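The following exercises concern helix packing, salt bridges and backbone geometry. Please work through each task with the model at hand before reading its solution.

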Amino acid sequence: KGASLAVGDRDRRKRIEPMLNGWLLFLGLSQTWHVSLVFADELGEGRVFATIDLDTPYRRAVIRVVRKALDGASSDDVQLYLVHEVVHILLAPLEKFAKESLGTELNERFQATIEEQTDIVTNVLIRLTTGKEGVWK
């Protein structure tokens, strides 16, 4: 069972890593950030597709993608979710500042604002590069 899972993850990586690397290059992040891709059975907290962990001072990020969600997603949806996570890298300095400077209540409101702005920037990038409308409107 473990061997078949590993083969599945190799196939998943082949499917999305070129897309991820293309976006990192397009946004100028490929030379300044080290971004890893990890597959998970679930992420918790109601997250259905992916999440990102940022280590801002060292410019490292880990994108965790849910296997089942990836396997059932169209290429357009995969691109949308990957771009969303990559945009978090662009906004990482603001997120870091908020976590260090704002109180807990303001930090929660700021995090919601960051998510909203991440969605907007993601939509703009998808529209500019593909001409397609993203999921977040």
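**Exercise 1. Describe how helices H3 and H4 pack, and state which residues meet.**

Solution. The model is a predicted one.
Step 1. Two packed helices are described by the angle between their axes and the distance between the axes.
Step 2. For helix H3 (residues 75-90) and helix H4 (residues 92-101), the angle is about 65° and the axes are 4 Å apart.
Step 3. On the H3 side, the residues in contact are His88, Ile89 and Leu90, and they meet Ala92, Pro93 and Glu95 of H4.
Step 4. Sorted by class, this contact of H3 with H4 comprises four nonpolar residues, one polar and one charged.

**Exercise 2. Identify the salt-bridge partners of Arg12 among Asp9 and Asp71, and establish whether each residue is buried or partly exposed.**

Solution.
Step 1. Arg12 forms a salt bridge with Asp9, with 2.7 Å between the closest N and O atoms.
Step 2. Asp9 and Arg12 are three residues apart in helix H1 (residues 2-26), and therefore about one helical turn separates them.
Step 3. Both Asp9 and Arg12 are buried.
Step 4. Arg12 also forms a salt bridge with Asp71, where the closest N and O atoms are 2.7 Å apart. This pair links distant parts of the chain, since Asp71 belongs to helix H2 (residues 67-71) and Arg12 to helix H1, 59 residues apart.
Step 5. Buried means under 20% relative accessible area. Arg12, with 13%, is therefore buried, whereas Asp71, with 46%, is partly exposed.
Step 6. Asp9, Arg12 and Asp71 belong to a network of salt bridges that also includes Asp41 and Arg67. The count of salt bridges in the model comes to seven.

**Exercise 3. Determine how the side chains of Arg60 and Asp55 meet, and classify the exposure of each residue.**

Solution.
Step 1. The side chains of Arg60 and Asp55 meet in a salt bridge, at 3.0 Å from N to O.
Step 2. The partly exposed class lies between 20% and 50% relative accessible area.
Step 3. Arg60, at 42% relative accessibility, is therefore partly exposed. Asp55 has a relative accessible area of 27% and is likewise partly exposed.

**Exercise 4. Explain what is notable about the phi of Arg59, and locate the residue.**

Solution.
Step 1. Most residues other than glycine have a negative phi.
Step 2. Arg59 is not a glycine, yet its phi is positive, at about 50°.
Step 3. Arg59 lies in the loop between strand E2 (50-55) and strand E3 (60-66).
Step 4. With 42% relative accessibility, Arg59 counts as partly exposed.

Key:
Residues numbered from 1 in each chain as written. Predicted model: local features only at pLDDT ≥ 70, side-chain atom pairs only at ≥ 80, totals over all residues. Heavy atoms only, no water. Axes fitted to C-alpha atoms, helices over the stretch in contact; angles between N-to-C directions. Helix = DSSP H or I, 4+ residues; strand = E, 2+ residues; numbered from the N terminus. Contact = heavy atoms within 4.5 Å. Nonpolar A, V, L, I, M, F, W, Y, C, P; charged D, E, K, R; others polar. Salt bridge = Lys/Arg side-chain N within 4 Å of Asp/Glu carboxyl O. Buried < 20%, exposed > 50% of the residue type's maximum accessible area, 1.4 Å probe, protein only.
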